[in-house]
Amino acid sequence: MGRSPRYRTKRDGVLVIDKPVGVTSADVVRAVRFGAGDCKTGHAGTLDPLASGVLVCCLGVATKLSERLMAGVKVYETEVDLSAFTTTDDREGERTDVEIPEADRPGTQRVRAALHRFIGVTEQVPPAYSAAHVGGRRAYALARRGEAVELEPRRVRIDAIDLVSFAWPIARLVVTCGKGVYIRSLARDLGEALGTGGHLASLRRTRVGPFTVDTARPLSSIDRDTLGDDDLMPIAEVEAMLADPRVGG
């Protein structure tokens, strides 16, 4: 007897999910795979459990588009807390509070000026708790064991940072960037530039390439064997969007 196929069904296309806070990107892929009747499924760009928003899931042959999708422009809405650094560069890590006398706290103009330094092509060090590789091993695996993690800076591109509002200690930002940018690192680096603390308090991805959160499907709508071909964006349509410079990003 021949071996059973790895997947029960074959579906090709793209499904955009609005990932909720508290689940991993792997959890979303698992739910979509089961919703499609156990079909080959991947995603185009990880979101941490703390983050919500656009997660592009690629099914079947569409998994070959993952790299092109990840290369597109990303847009994030985020809150940065300047009152402390943390071990993970987000609110889930162990805090190291930084006491800033009220008279020395930065104002809106100073925060905006500091943010301007990070726009363009710059060098960024990934967080210690990240999937970046150190000597062939994941940085987060080393950090969780208490080992020192020294990561090399990487060249990243940030196209724009809009300061939506600032009321100590929270700066609300909209960040438009390319592939490989860690918003947690941006939060940490902003704090270092200002002489304050800096960590990520919240994060929501609102765009990946041509896909926006407005057209994303809630994860709660995905049930076992409920996704059909009509639920997926055809590969030809996705490729046309990626080829359009106005939307492909």
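Cys57 has a relative accessibility of 0% and counts as buried. The model described here is a predicted one, and this cysteine is a convenient place to enter it.

**Cysteines and strand 1**

Cys57 is the bridge partner, in strand 3, of Leu15. Strand 3 covers residues 52-59, and 7 bridges join it to strand 1 in an antiparallel arrangement. Strand 1 itself, residues 13-19, is mostly covered, with 6 of its 7 residues buried. Strand 1 also pairs with strand 14 (residues 217-218), here in the parallel sense and over 2 bridges. In that pairing Asp18 stands opposite Pro218 of strand 14. Strand 1 therefore has an antiparallel partner in strand 3 and a parallel partner in strand 14.

How many disulfides does the structure contain? The count comes to 0 disulfides. Cys57 is in no disulfide, and the nearest cysteine sulfur, that of Cys58, is 7.4 Å away. A disulfide would need the two sulfur atoms within 2.5 Å, so this pair does not qualify. Cys39 is another buried cysteine, with a relative accessible area of 1%.

**The chain as a whole**

The chain has 6 helices and 14 strands. It has 249 residues, of which 46% count as buried. Among contacts with a separation of 6 or more, 73% are between residues 24 or more positions apart. The chain exposes about 12600 Å², and carbon and sulfur atoms supply 50% of that area.

**Helix 3 and helix 5**

Which residues of helix 3 are buried? In this helix, residues 108-116, they are Val111, Ala114 and Leu115. Seen down the axis of helix 3, the buried residues fall within an arc of 100°, so they line one face of the helix. An α-helix has 3.6 residues a turn, so residues three or four places apart point the same way. On the other side of helix 3, Gln109 and His116 are exposed. The cover over the buried residues of helix 3 includes strand 10 (154-167), strand 11 (170-177) and helix 5.

Ser185 lies in helix 5. Is Ser185 buried or exposed? With a relative accessibility of 0%, Ser185 counts as buried. Leaving aside residues up to four places away in sequence, Ser185 touches Gln124, Val125, Pro126 and Pro127.

**Salt bridges**

Side chains of opposite charge can pair when their charged atoms come close. The structure holds 16 salt bridges, including the three in the table.

| Salt bridge | Closest N to O distance |
|---|---|
| Asp27 and Arg30 | 2.9 Å |
| Asp89 and Arg188 | 3.4 Å |
| Arg224 and Asp225 | 3.8 Å |

Where do Asp27 and Arg30 sit relative to each other? Both belong to helix 1 (residues 25-35), and because they are 3 residues apart, about one helical turn separates them. Asp27 is partly exposed, at 31% relative accessibility. Arg30 is partly exposed too, with a relative accessible area of 38%.

The side chains of Asp89 and Arg188 meet in a salt bridge of 3.4 Å, N to O. This pair links distant parts of the chain, with the two positions 99 residues apart in numbering. Asp89 is in the loop between strand 5 (84-86) and strand 6 (95-97), whereas Arg188 is in helix 5 (residues 183-194). Are these two residues buried or exposed? Asp89 is buried, with a relative accessible area of 6%. Arg188 counts as buried as well, at 13% relative accessibility. Both values are under 20%, so both residues meet the cut-off for burial.

Arg224 and Asp225 form a salt bridge whose closest N and O atoms are 3.8 Å apart. That distance counts because the limit is within 4 Å. Arg224 is partly exposed, with a relative accessible area of 46%, and Asp225 is partly exposed with a relative accessible area of 46%. Through salt bridges that share partners, Arg8, Arg224 and Asp225 are joined into one network.

Definitions and conventions. Residues numbered from 1 in each chain as written. Predicted model: local features only at pLDDT ≥ 70, side-chain atom pairs only at ≥ 80, totals over all residues. Heavy atoms only, no water. Helix = DSSP H or I, 4+ residues; strand = E, 2+ residues; numbered from the N terminus. Buried < 20%, exposed > 50% of the residue type's maximum accessible area, 1.4 Å probe, protein only. Arc of directions from axis to C-beta. Contact = heavy atoms within 4.5 Å. Areas by Shrake-Rupley, 256 points an atom, 1.4 Å probe, with all protein chains shown as cover.
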